[in-house]
Structure formats: structure tokens, C-alpha cells
Amino acid sequence: MRIVTANPTGLCFGVRRAIEELEAALRQAGTVYALGSPIHNPQEIARLEGLGLVVTENPEEIPDGAVVFVRAHGVGPKVLADLQRRAVRVVDGTCPFVRSAQERAGRLSSEGYVVLLVGDRDHPEVRGIRGYVEGEAFVCHGVEDLPPDRAFDKVGVVCQTTQREATLRAVVGALVPRARELRVFNTICRATVERQESIRRLAEEVRHIVVIGGRNSANTRKLVEIARNAGADVQSIEHAGELDGGWLAEKDRIGVAAGASTPDWLIHQLISILATPRSSRGTDGNDGDSRGNGKPGNVWCGAGRTGR
């Protein structure tokens, strides 16, 4: 089978940086508490829990004097201040691009703008950014969420870092006739844009694509959506053990793409299984040792890179 991988694909800079900082803290402290899942990938969380990670959604469950990790999504300033007061050490893994969105939202608010945050209302990154706004603010997922017939004197726009640029453009376009003064910060991370562009290119090159990433990963779901909208036949999986042997049958060319929260070792497992001759695979399409519990490893990837 010929395998074509998207380029770039897999862990983005912010998530990779955060996981490296978390691993260093685990080596030093043994036990580290994370407020919320540090990566939208259950297989990677299981690996990190084996190293001493404790994940909680409630700050009150973090004991005083603990080592605490702030994930790449960041948190609001009040939550961060509380953690710094109670913890012996706070490892701040907030992505620099998320931090920029936080700072710009706060700046717009301090300058008297109503802040419009384009993103998923319940996403932890959005909640964290919202925490930096002291004045009026609202979240919209798209044009359909804009308040009907609302006119603005001053409105400022920031964006969840993993949103699609097309969504931001549409929202800004709808605001132009409604606002006397409109200020826009495009806070979408370039890594997000690059991965979305790479899967568009991949969908032009191959008809069948496997997208690997956590089901709770918003950016992975967007990759699946983009590939399907481009006409590709897509199988979305969390790990290689979920490969559908029937779907793979008779295909001699497969594209592979991964969400920005998918670690290298899971991508490596997937490519290894796809590169295995059909006669060596099990009836489910894999070799029986690919349930997402393998060891971390390196992965090759690149536009046009192929394997057999």
C-alpha cells in the first residue's frame, strides 16, 4: 500500500511545548496535577497518567502545596492567581498564541470595546480568554450567533486559535455594516491554518484519507470536515486499532493526517499498520498490537512522502 502523509501534521508547537514541559515536571516532582486534560487525546493522557499525572476539572480538588500544570488552552486570570496562591509550583503550559489572544482580548476590553470572541462557547480556551475581559463580551460560533439587529459603537474581535479563517472572515464581514468602529485581531494559530491547508492538498492528491486524533479534539474534527467537504472518503480514528479492515480492502493508496493533539507515537503506529502487507494483517485491518498503548516513537511525515 502506498501511504501519503499530510505536511505538516500532528502535534502543533504549542501542544508539543506543553507536553515537554509537563514531562519535565513529572520527572522532577513525580506527581503533577493538571486542571483539565492537558491534551485532547485519551491515549496520550493514559501514558502521562502512568508517569504520575493527575487530571481534575475542579480546582478545589488540587491539594495545597501541589505542583500544578496549566494546559496549552490556558486559564482565566482569577483561576491562575488562585493556583499560584495555593500551589508550591505552577507550570504554565499556556500556548504563546493563546496567551496572545488573552492579552488582546484584555486590551480591547480596557480600551472600551465590546469584545466578540469567535469560537466554541464551551471550549476551555474560549472560557480562559473570556476571563481576561472585564467589560461586555459575547461568544459566537458563526454569523448565525450574532445578536440580531445589534449595532455597535466600538466592537473588537478575537478568535479561538483553532477556528477556521473562513468563519472569522464571515463574522467580520457581517459586522462591518453594524459597527461604527471595528477592530480585528486574527488570533488563529498558523499551525491550525497550515494543517487545514495541508489536508486540502492531501484531498486533491488521494481519494481515501485516515484522520487520526482524539474524538474530543476540535481541530481533528475540523480536519475531517474539511477533507469530506473536499470530496475525500474519510475514516476518523483515535488509534490504529480502530482501523476498519473492510474500508481498507482493495485500496492501494491511502492519505494520512493527524490532529494537532495527536502524538507522534500514535501516528507512527498507524503508518506501521498501513505499511504492513495485507496478508500479515488481522481481519480487523491491523496486526493485533495497535490499540493505542504502544511506546512513544518518531514519525516521518511530509507532502508526497510514501511508504510501502
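## Asn 216 and its surroundings

Is Asn 216 buried, partly exposed or exposed? In this predicted model, Asn 216 counts as partly exposed, because its relative accessibility is 41% and that class runs between 20% and 50%. You'll find Asn 216 in the loop between E10 and H8.

Who does Asn 216 touch, once residues up to four places away in sequence are not counted? The list is His 40, Asn 41, Pro 42 and Arg 221. Take Asn 41 from that list: along the chain, Asn 41 and Asn 216 are 175 residues apart, yet 7.3 Å is what separates their C-alpha atoms.

## The protein as a whole

Stepping back, the protein has 308 residues, and 55% of them are buried. Its secondary structure adds up to 10 helices and 12 strands. If you take the contacts with a separation of 6 or more, 73% of them come from residues 24 or more positions apart.

## The sheet with E1, E12, E10 and E11

Follow the loop of Asn 216 back to E10 and you land in an open sheet of four strands, ordered E1-E12-E10-E11 and paired in parallel. Its edge strands are E1 (2-5) and E11 (233-237), each of which pairs on one side only. On average, neighbouring strands here are turned by 25 degrees against each other, direction ignored.

Now zoom in on one pair. E1 and E12 (residues 253-258) run parallel and share four bridges. Arg 2 has Arg 253 in E12 as its bridge partner.

Two helices belong in this picture. H7 lies across E1, E10 (208-212) and E12, and runs at about 175 degrees to E12. H8 packs on the sheet too, where it touches E10, E11 and E12; the direction of H8 makes about 170 degrees with that of E10.

## Lys 222 in H8

H8 covers residues 218-229, and Lys 222 sits in it. Is Lys 222 buried or exposed? With a relative accessible area of 10%, Lys 222 is buried, because the cut-off for that class is under 20%.

Leaving aside neighbours within four places in sequence, Lys 222 is in contact with Asp 120, Thr 162, Gln 163, Arg 164 and Gln 196. Keep Thr 162 in mind, as this residue comes up again with the cavities.

## The sheet with E7, E6, E8 and E9

There is another open sheet of four strands, this one in the order E7-E6-E8-E9 and again with parallel pairing. Why do E7 (137-140) and E9 (179-184) each have one side without a neighbour in the sheet? They stand at the edges and have a single partner strand each, so one side is left free of a neighbour. Neighbouring strands of this sheet are turned by 25 degrees against each other on average, ignoring direction.

E8 (residues 152-159) and E9 run parallel and are joined by five bridges. Within that stretch, Val 157 stands opposite Val 184 in E9.

Here as well, helices pack against the strands. H4 touches E6 (114-118), E8 and E9, with its direction at about 170 degrees to that of E8. H6 (residues 165-175) lies across E6, E7, E8 and E9 and runs at about 150 degrees to E6.

## Cavities

How many cavities of 30 Å³ or more are there? The count is three, and the largest holds about 320 Å³ of space. Its lining is made up of 27 residues, and those closest to the centre are Cys 12, Val 15, Thr 162, Asn 219 and Ala 260. Remember that Thr 162 is also a contact of Lys 222. H1 (13-29), H4 (96-110), H7 (190-205) and H8 each give two or more residues to this lining. Sorted by class, the lining has 12 nonpolar, 11 polar and four charged residues.

The second largest cavity has a volume of about 50 Å³. Which residues line the second largest cavity? They are Val 70, Val 75, Leu 80, Asp 92, Thr 94, Arg 99, Gln 102 and Tyr 132. By class, that makes four nonpolar, two polar and two charged residues.

Definitions and conventions. Residues are numbered from 1 along each chain as its sequence is written. This is a predicted model: local features need pLDDT of at least 70, side-chain atom pairs count only at pLDDT 80 or more; totals for chains, interfaces and linings use all residues. Side-chain values use heavy atoms; hydrogens and water are left out. Buried means under 20% relative accessible area, exposed over 50%, partly exposed in between (1.4 Å probe, protein chains only). Contact means heavy atoms within 4.5 Å. On a 1 Å grid over the protein atoms alone, a cavity is a set of points where a 1.4 Å probe fits but cannot get out, and a pocket is an open set with protein on both sides within 12 Å along at least five of seven lines; lining residues have an atom within 4 Å of a point. Grid points are joined across faces, edges and corners, and a volume is the space filled by probe spheres set on the points. Ala, Val, Leu, Ile, Met, Phe, Trp, Tyr, Cys and Pro count as nonpolar, Asp, Glu, Lys and Arg as charged, and the others, Gly among them, as polar. Two strands pair if DSSP finds at least two bridges between them. Axes are lines fitted to C-alpha atoms, for helices over the stretch in contact, and angles run from 0 to 180 degrees between N-to-C directions.
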